[in-house]
Amino acid sequence: IITSGRMNPHIDPHLEIWHWHIPLYLFLGGLAAGILFFAGLYTILGKEEKFAGAVRRAPVIVPFLLIIGLGALFLDLRHKLYFWQLYTTIKLQSPMSWGAWTLMVITPVAFIWCALHIKDIFPKWDWKYLWLKELEKFFNKYKLALAWIMLIYGLILGIYTGILLSAFNARPLWNTSILGPLFLASGLSAGAAATLLLSKNPDERKHFAQIDLVIIGTELFLIVHMFMGYLAGTQVQIEAANMFLGGPYTMSFWIFVVILGLLVPAILEILELRKYHIPALIPPVLVIFGSLMLRFIIVYAGQVWPDLINLPQK
């Protein structure tokens, strides 16, 4: 008699390597990337005053997003005391190496940018020490350089969150070149939604609602082509797509990501632009929720082996 444990939970069909820490980290990284991208863009364009919400207010939350995201990533590490070894070498072929060094650059820049604009949130804020005031003057002098770093590294961070998954060739659902652009678009959309939430300027809110509509359209386009690519691919990719086309992830993906996270906020934003009274919180909150659910569903579904998902359990 041959005894096998392959049908035990978390062996087959669920090969769960990554739990909630990773999708949370990917979501917060994408959101931070979107916020920093728009802050850098409008600073470079010389529209800091016109889009103060994007340049000054929204980036203040980015250090907190990065701290929580890096904390979740740290909790997921098996050998936590050796995390520093990621920074002892640069491997151009490794998405994790790219991500580690990107975060090494963008995290201090996010803190500096937050410090430069903290007075916009707390008008009575005062740097008590002279050396801190001198540092503020120094970084204000090179603010345009900081904006370029945020713009470039925001794009890298946003697309890296998808490339990190697509580099796993053994995972049919993740192994698609569209995942990087999709996660970047999702992060930019979430960043625009966060700016909508934090902006006090009606013209700025209108502008970012229009931007968000364009990005939502891009996301829908990428999702459609992602599934077209799966269905035109190998058998395992077809089976991976079927998890969302009648399989166990159909309801969660199409309801939470596509309908509530993309279509409903897009319709509400169109109605708002047409002067209908729409509660200001609902569209951006739904967009951010959809961005979060996209990461969780893709990460968890990608760790399910589609060949075995319908096998009878004994």
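Start by selecting Phe227, Tyr230, Phe244, Tyr249, Phe253 and Trp254: ring pairs link these residues into a cluster. Keep in mind as you look around that this is a predicted model.

**Stop 1: inside the ring cluster**

Zoom in on Phe227 and Phe244. These two form an edge-to-face aromatic pair, with 5.7 Å from centre to centre and 65° between the planes. Where does each partner of this pair sit? Phe227 lies in helix α9 (residues 202-231), while Phe244 is in the loop between α10 (235-242) and α11 (250-273), so the pair ties together parts that are 17 residues apart in sequence. Phe227 counts as buried, at 7% relative accessibility. Phe244 counts as buried too, at 1%.

Now show what surrounds Phe244. Apart from its neighbours within four places in sequence, Phe244 is in contact with Leu173, Phe227, Tyr249, Thr250, Phe253, Trp254, Ile297, Ile298 and Ala301.

**Stop 2: the nonpolar core**

From Phe244, widen the view. The largest nonpolar core has 79 residues, and those with the most contacts inside it are Phe38, Leu165, Leu182, Phe208, Phe244 and Phe253. Which helix gives this core its largest share? Select helix α1 (residues 21-44), which supplies 14 residues.

**Stop 3: the whole fold**

Switch to a cartoon view of the protein. How many helices and strands are there? You should find twelve helices and zero strands. Of the protein's 314 residues, 46% count as buried. The protein exposes about 16,300 Å², and carbon and sulfur atoms supply 70% of that area. Among contacts between residues at least 6 apart in sequence, 75% join residues at least 24 apart.

**Stop 4: helix α12**

Next, select residues 282-302, which make up helix α12. This helix has 21 residues and reaches 30 Å from its first C-alpha to its last, close to the 30 Å expected at 1.5 Å a residue. Is helix α12 enclosed or open? Of its 21 residues, 15 are buried, so the helix is largely enclosed by the rest of the structure.

While you are here, pick Arg295 together with Phe183. Arg295 lies over the face of Phe183, at 4.7 Å from the ring centre.

**Stop 5: the loop before α12**

Step back to Lys275, in the loop between α11 and α12. Lys275 is exposed, with a relative accessible area of 71%. Check its backbone as well: Lys275 has a positive phi of about 75° although it is not a glycine. That is worth a pause because most residues other than glycine have a negative phi.

**Stop 6: Lys143 and its ring**

Select Lys143, which is found in helix α7. Is this lysine buried or exposed? Lys143 is buried, with a relative accessible area of 13%, under the 20% cut-off. Add Trp113 to the view: Lys143 lies over the face of this ring, at 5.4 Å from the ring centre. Not counting residues up to four places away in sequence, Lys143 touches Glu48, Trp113 and His117.

**Stop 7: further along α7**

Stay with helix α7 (residues 143-166) and click on Ile152. Ile152 is partly exposed, with a relative accessible area of 43%. Draw a distance line from its C-alpha to that of Ala33: the two atoms are separated by 9.7 Å, although the residues are 119 apart along the chain.

**Stop 8: Leu66 in helix α3**

Move on to helix α3 (residues 62-76), where you will find Leu66. Leu66 counts as buried, at 4% relative accessibility. Leaving aside neighbours within four places in sequence, Leu66 is in contact with Ala32, Leu103, Thr107 and Ala110. Take Thr107 from that list: Leu66 and Thr107 are 41 residues apart in sequence, and their C-alpha atoms are 7.0 Å apart in space.

**Last stop: another ring pair**

To finish, return to the aromatic rings. A search of the whole structure finds 16 aromatic pairs. One of them joins Phe138 and Tyr142, a tilted pair with 5.1 Å from centre to centre and 55° between the planes. Are these two rings' residues buried or partly exposed? Phe138 is partly exposed, at a relative accessible area of 45%, and Tyr142 is partly exposed at 41%.

How values were computed
Residues are numbered from 1 along each chain as its sequence is written. This is a predicted model: local features need pLDDT of at least 70, side-chain atom pairs count only at pLDDT 80 or more; totals for chains, interfaces and linings use all residues. Side-chain values use heavy atoms; hydrogens and water are left out. Rings of Phe, Tyr and Trp (its six-membered ring) pair if their centres lie within 6.5 Å; planes under 30 degrees apart count as stacked, over 60 as edge-to-face and the rest as tilted. Buried means under 20% relative accessible area, exposed over 50%, partly exposed in between (1.4 Å probe, protein chains only). Helices (H or I, at least four residues) and strands (E, at least two) are DSSP runs, numbered from the N terminus. A charge sits over a ring if NZ of Lys or CZ of Arg is within 6 Å of the ring centre and within 35 degrees of the ring normal. A nonpolar core is a set of buried Ala, Val, Leu, Ile, Met, Phe, Trp, Tyr and Cys residues joined through side-chain atoms within 4.5 Å. Contact means heavy atoms within 4.5 Å. The expected span of a helix is 1.5 Å times one less than its number of residues. Accessible areas come from the Shrake-Rupley method with a 1.4 Å probe; for residues, only the protein chains shown count as cover.
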